[in-house]
Amino acid sequence: MLKAVILIGGPQKGTRFRPLSFEVPKPLFPVAGVPMIQHHIEACAQVPGMQEILLIGFYQPDEPLTRFLEAAQQEFNLPVRYLQEFAPLGTGGGLYHFRDQILAGGPEAFFVLNADVCSDFPLSAMLAAHRHQPHPFLLLGTTANRTQSLNYGCIVENPQTHEVLHYVEKPSTFVSDIINCGIYLFSPEALKPLRDVFQRNQQNGQLEDSSGLWRGAGTIRLEQDVFAALAGQGQIYVHLNDGIWSQIKSAGSALYASRLYLGQYQLTHPERLAKHSPGGPRIRGNVYIHPTAKVAPSAVLGPNVSIGEGVTVGEGVRLRESIVLHGATLQEHTCVLHSIVGWGSMVGRWSRVEGTPNDPNPNDPRAHMDSESLFKDGKLLPAITILGCRVRIPAEVLILNSIVLPHKELSRSFTNQIIL
């Protein structure tokens, strides 16, 4: 018997994802046509012996989240429950707080997945490695280049046994090119070190972390409090994966994740990909179109486009490397490139909405997506264009590298601006 836990965080996180996270919780943001965490749930549901999937976070259980959970249970025929934290408890605090629910039924092991990662989720391979050589902690790792490795948790392994000998979260100097993917397989014994951290925090009272914030005894950071402390003690091992992987920290990384998942659909869900048909729009590359969307036959879509529920795409529209969300309208002859068009937004005819992609270096197979800040030296950096929900752009307007907050109507061209 197996279980899975998906850590979805809460509303005070994901500030780099705004304004998209104003409308729905970040884990429910559509990536390649389905909510971000549905990719996680699909992968977990395919593992033989999976009995229950738990979501842990501190979002309020509002209507969108409740509807999603009900639909997921019906689709995957598995219990999918949400456990709400009383406060932000870190990446490990929720696991310890809800340990009784996780261990109910006596699972042999349980997966732990961060919600804001995109991956091909090699869960069956991780399970096989765990059963071949059981240990309390198994981490999924991948490789990064020397510069980008500083932005992740770095793992030094024994190349023969794959034991984690040293772990450093976001080091200041190069440690290793193996990085933590935020996907784990824990045995029930893994909760004992979390208990030790909790008890130590209780004895010490409230603690101040590296950011200067005070955290309570219930707050446990898997990376710093557990992995770094236990590395080299024969308890933590790494499973290396050369498949797709990326973090989803910013809107730009959501576009990149959508591209990766659309490519995966060729193998996992070919039925989700639009096909070119007589009398239909021209499809180039991997494109997802929701069945309720209305797309004019003269539109040209792709590559790497996702069109949501109830979207209207007019005649002569050119759409590439973009996500168009629920209820949006693209009028005749608009051009949308490297952008996210928000819920219920309208782009007028002959308008152009274009962003600057921040893709990994195609000449470096170990390069990953950079989730950089929106600002540098007080200026908005070139980035994808984001239209918040219910933004209205009239005819013949040019929007480049800009972020338009919800409920705005534009009447002229904008470049490299945040429109409040």
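**Exercise 1.** What volume does the second largest pocket have? Determine also which residues and elements line this pocket.

*Solution.* The structure is a predicted model, in which local features need pLDDT of at least 70, side-chain atom pairs count only at pLDDT 80 or more, and totals for chains, interfaces and linings use all residues. Residues are numbered from 1 along each chain as its sequence is written, and side-chain values use heavy atoms, with hydrogens and water left out.

Step 1. A pocket is an open set of points on a 1 Å grid over the protein atoms alone, with protein on both sides within 12 Å along at least five of seven lines. The volume, meaning the space filled by probe spheres set on the points, is about 760 Å³ for the second largest pocket.

Step 2. Lining residues have an atom within 4 Å of a point. This pocket has 25 of them, and L28, P30, G33, P35 and E309 are the closest to its centre.

Step 3. Two or more lining residues come from each of β3, α2, β20 (305-307) and β23 (322-324); helices (H or I, at least four residues) and strands (E, at least two) are DSSP runs, numbered from the N terminus. Helix α2 gives the most, 7 residues.

**Exercise 2.** Describe how helix α2 is placed, starting from its buried residues.

*Solution.* Step 1. Helix α2 covers residues 63-76. Its first and last C-alpha atoms are 20 Å apart, close to the expected 20 Å (1.5 Å times one less than the number of residues).

Step 2. L65, F68, L69, A72 and F76 are buried, that is, under 20% relative accessible area with a 1.4 Å probe and protein chains only. Because these buried residues fall within an arc of 100° seen down the axis, they line one face of α2; the arc is taken from the directions from the helix axis to the C-beta atoms.

Step 3. The face turned away from the buried side carries E63 and Q74, which are exposed (over 50%). The cover over the buried residues includes β3 (34-35), α1 (36-45), β4 (50-57) and β5 (80-84).

**Exercise 3.** Is L95 buried or exposed, and which residues does L95 contact beyond its neighbours within four places in sequence?

*Solution.* Step 1. L95 lies in helix α3 (residues 90-97) and is buried, at a relative accessible area of 0%.

Step 2. With contact taken as heavy atoms within 4.5 Å, the partners of L95 outside those neighbours are V5, L7, I56, I102, V112, F186, L191, L194 and L222.

Step 3. L191 is 96 residues from L95 along the chain, yet their C-alpha atoms are separated by 7.8 Å.

Conventions:
1 Å grid on protein atoms, 1.4 Å probe; cavity = no way out; pocket = protein on both sides within 12 Å on 5 of 7 lines; lining within 4 Å.
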